[in-house]
Amino acid sequence: MKHIREKLGLSQIDMGGLLGMPRSSASMYEIGLRNLSSRQLALLSKIELLMQGELEIKPFEKINIKAQKNTASTIKKMEQRIDKAAFDCLKLQRKLTALINNYAKTELLWAIISRLKEETPENTALMVYLNLLEIRCLEKIDNCGPHQQTEITFRIKMLQYEQELAQTMIEEAKAKRYSIMEK
């Protein structure tokens, strides 16, 4: 009994439950202090024959069906995740394009302001306004500059990687599902 229990990876409690006895009795049977009933011996013999492959074991249809449902659910979730990542990626790409365009406009404005400041006398209304525009340009650069563009580019790359990874996982799950179906 102990040999079979250990081969199946069962505890004494589980083996006792399988044979319809408490754990303490299972322990006594294992060390030979008690004898098994004929029903318990017949069940142990059947288990041993199944382990040796002498009796046909029916396919685990319920387990396969549950595994297939879980796999299908996982595939569906991964496909939804791909769709969401693609949508988020598209939004970020549009945002990045807008940032690049705003940055280019801000650079042009900065160049014009710099050139006009070189030619404008100090303490004039135009110089005051040019200084104000220069401050606004610096604020715009904070909002659309290379650091912002780099951050969004990084997020886009992460979303693209997430999509690739999810697609790989879907393919692996489908392959696993088909191998389960074949069994």
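Both Glu119 and Arg115 are exposed, where exposed means over 50% relative accessible area, buried under 20%, and partly exposed in between, with a 1.4 Å probe and protein chains only. Their side chains meet in a salt bridge, with 3.2 Å from N to O; the term covers a side-chain nitrogen of Lys or Arg within 4 Å of a carboxyl oxygen of Asp or Glu. Because Glu119 and Arg115 sit four residues apart in helix α5, about one helical turn separates them.

Before going on, a word on what you're looking at. This is a predicted model, so local features need pLDDT of at least 70 and side-chain atom pairs count only at pLDDT 80 or more, while totals for chains, interfaces and linings use all residues. Residues are numbered from 1 along each chain as its sequence is written, and side-chain values use heavy atoms, with hydrogens and water left out.

Now zoom out. The protein has seven helices and zero strands, so reading from the N terminus you simply get α-α-α-α-α-α-α. Helices here are DSSP runs of H or I with at least four residues, strands are runs of E with at least two, and the numbering starts at the N terminus. As for the overall shape, the C-alpha trace spans about 115 × 35 × 20 Å along its principal axes. The radius of gyration tells a matching story: the protein has 36 Å, whereas a compact globule of 183 residues would be near 16 Å. That radius is taken over C-alpha atoms, and the globule rule is 2.2 Å times the number of residues to the power 0.38.

On the surface side, 26% of the 183 residues count as buried. The accessible surface comes to about 13300 Å², and 57% of that belongs to carbon and sulfur atoms; the areas come from the Shrake-Rupley method with a 1.4 Å probe, and for residues only the protein chains shown count as cover. Take contacts between residues at least 6 apart in sequence, and 64% of them join residues at least 24 apart, a contact being heavy atoms within 4.5 Å.

Back to the salt bridges: a search of the whole structure finds four. One of them pairs Arg81 with Glu162, the closest N and O atoms being 2.8 Å apart. That pair links distant parts of the chain, with Arg81 in helix α5 and Glu162 in helix α7 (residues 146-182), 81 residues apart. Arg81 counts as partly exposed at 48% relative accessibility, and Glu162 is partly exposed too, at 25%.

Another one joins Glu134 to Lys117, with 2.9 Å between the closest N and O atoms. Glu134 lies in helix α6 and Lys117 in helix α5, so this pair ties together parts that are 17 residues apart in sequence. Glu134 counts as buried at 19% relative accessibility, while Lys117 is partly exposed at 23%. Setting aside neighbours within four places in sequence, Lys117 is in contact with Met127, Leu130, Asn131 and Glu134. Look the other way and Leu99 is 18 residues from Lys117 in sequence, but 26 Å away in space, C-alpha to C-alpha.

Finally, what sits between α5 (61-119) and α6 (125-144)? That loop is the place of Asn123. Asn123 has a positive phi of about 60 degrees although it is not a glycine, and at 77% relative accessibility Asn123 counts as exposed.
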